[in-house]
Amino acid sequence: MIFCMASKLVVGNWKMNLDPESGGRVLSDFQKAAGEFDPASVAFCVPFPLISPLQNHGVNIGAQDVFWLDSGAFTGFTSPDLLAKMGVEWIIVGHSERRGRFGKLDVPESTLPFFAETDETVNLKVKACERHGLRAIVCVGETLAERDAGKTDEIVSGQVRRALDGVATFHGVLAYEPVWAIGTGKTCDPDEAARVCGLVWQTSEGRTCLYGGSVSAANAADLFARDEIGGGLVGGASLKPADFAAIVGAAQNR
Ligand code: PGA
C-alpha cells in the first residue's frame, strides 16, 4: 500500500468558540509559536461569521459545514457557491456533532433530533463541494456502543462508502474520528487509529485519512508516525496556540 501524503495536513476545528478579536489573537500567537510551516498543510475551520474577518491573517480559513444547494428559500443555511466565492478551500462535512453523535453531551437529549445530519446529506454536501472546487473533510467514526458491539469497521466503511457514493472525483480528505474520543481526552490507541485509517484509505480507494479525537501536543507525534494517518483534525487543542503549533510541528517533521 502507498499512502499519499507528502506533508501531513493539520486542520483546527474551532467549533462554536472565539470571536474576531480572540480568534485573531489565536492565529497570530499560533504563527509566532509555529515559526516556519507549510501553509498549504494547515487550516482553521471557524464559525461562518469569523471567516471574513480572519481571512487577512495569513493562514487558510475554512468552514465547519455547508448546504448542498446554491441559493433559494433555505433560511439560516450557507451555500457552497457563497463559500467558494469567499475563497474558502476546506469545509468539514458530516462531523459527528452535526450527526447528533456526541462524545460529551452538553445539550438536553430531547434536542438531539435537531442535529440531523445523515449519510445522505453528507453525500449531497460532498457533491456540492466538488461542483464548486471546495475540499471536503468528511468525518466518519463509531460510537462507544458500536465499538463495544464489534461494529467499528462496518460503521466506518459504510459511512465512507455512502459519503462518496456517485462522487466521480474527490478532492477532499476523510477524517476518522471515533465519537467516544471527541472532546473527552480519550485518544484512540495510535495503532488502532492507524488500522481504521487504513480501512478508510482502502474503502475510499486511496484518499488521505486524518485522525481526530483528543489530538494533543503530547500524542501528535506518536499518531503522525503512522503512515496510515494522513494528519489530524484538532478540536480543543486548536484553541491553544502553543499546543496547536506543536501539533503542526509534529506533522511537518514527518
Ligand atoms: P477534540 O475534537 O480534538 O476536541 O477531541 C476533535 C473534533 O471534533 O474534530
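This is a short tour of one protein chain, stop by stop, for you to follow in your viewer.

**Before you start**

The model is predicted, so local features are described where pLDDT is at least 70, side-chain atom pairs count only at pLDDT 80 or more, and totals for chains, interfaces and linings use all residues. Residues are numbered from 1 along each chain as its sequence is written, and side-chain values use heavy atoms, with hydrogens and water left out.

**The whole chain**

Start with everything selected and a cartoon view. You should find nine helices and eight strands; these are DSSP runs numbered from the N terminus, with helices being H or I of at least four residues and strands E of at least two. The C-alpha trace spans about 45 × 45 × 40 Å along its principal axes. For 254 residues, a compact globule would have a radius of gyration near 18 Å, and the chain's 17 Å agrees with that. That radius is taken over C-alpha atoms, and the globule rule is 2.2 Å times the number of residues to the power 0.38.

Now switch on a surface. The accessible surface comes to about 11,400 Å², and 53% of it belongs to carbon and sulfur atoms; the areas come from the Shrake-Rupley method with a 1.4 Å probe, and for residues only the protein chains shown count as cover. Buried residues make up 52% of the 254, where buried means under 20% relative accessible area, exposed over 50%, and partly exposed in between (1.4 Å probe, protein chains only). Among contacts (heavy atoms within 4.5 Å) between residues at least 6 apart in sequence, 73% join residues at least 24 apart.

**Stop 1: helix α7**

Select residues 190-203. This helix has 14 residues and reaches 20 Å from its first C-alpha to its last, close to the 20 Å expected at 1.5 Å a residue. The expected span is 1.5 Å times one less than the number of residues. Ten of the 14 residues are buried, so α7 is largely enclosed by the rest of the structure. Show side chains for the buried ones, among them Val 196, Cys 197, Leu 199 and Trp 201. Around them, look for the packing partners β5 (135-140), α5 (144-148), α6 (152-163), β6 (173-176), β7 (209-212) and α8 (220-224).

Next, move into the loop between α7 and β7 and pick Glu 205. Is Glu 205 buried or exposed? Glu 205 is exposed, with a relative accessible area of 72%. Its phi is near 55°, a positive value in a residue other than glycine. Most residues other than glycine have a negative phi.

**Stop 2: helix α6**

Select 152-163, which you have just met as a partner of α7. At 1.5 Å a residue its twelve residues should span 16 Å, and the end C-alpha atoms are 17 Å apart, which agrees. Its buried residues include Ile 155, Val 156, Gln 159 and Val 160. The cover over the buried residues of α6 includes α4, β5, α5, β6 and α7.

**Stop 3: helix α4**

Continue to α4, residues 119-131. Its 13 residues should span 18 Å, and the end C-alpha atoms are 18 Å apart. The cover over its buried residues includes α3 (80-85), β4 (90-93), β5 and α6.

Zoom in on Asn 123, which is buried at 9% relative accessible area. Which residues does Asn 123 touch, not counting residues up to four places away in sequence? They are Arg 162, Ala 163, Leu 164, Asp 165 and Val 167.

Then click on Leu 124, also in α4, which is partly exposed at 30%. Draw a distance from its C-alpha to that of Trp 68: the two residues are 56 apart in sequence and 5.8 Å apart in space. Just after α4, Gly 133 takes a positive phi of about 70°.

**Stop 4: Phe 244 and Lys 240**

Finish at helix α9 (residues 241-252), where Phe 244 sits. Phe 244 is buried, at 0% relative accessibility. Among the residues that Phe 244 touches are Val 10, Phe 30, Phe 44 and Val 234.

Lys 240 lies in the loop between β8 (231-234) and α9, and is partly exposed at 47%. For a last distance, join the C-alpha atoms of Lys 240 and Ala 84: they are separated by 28 Å, with their places 156 residues apart along the chain.
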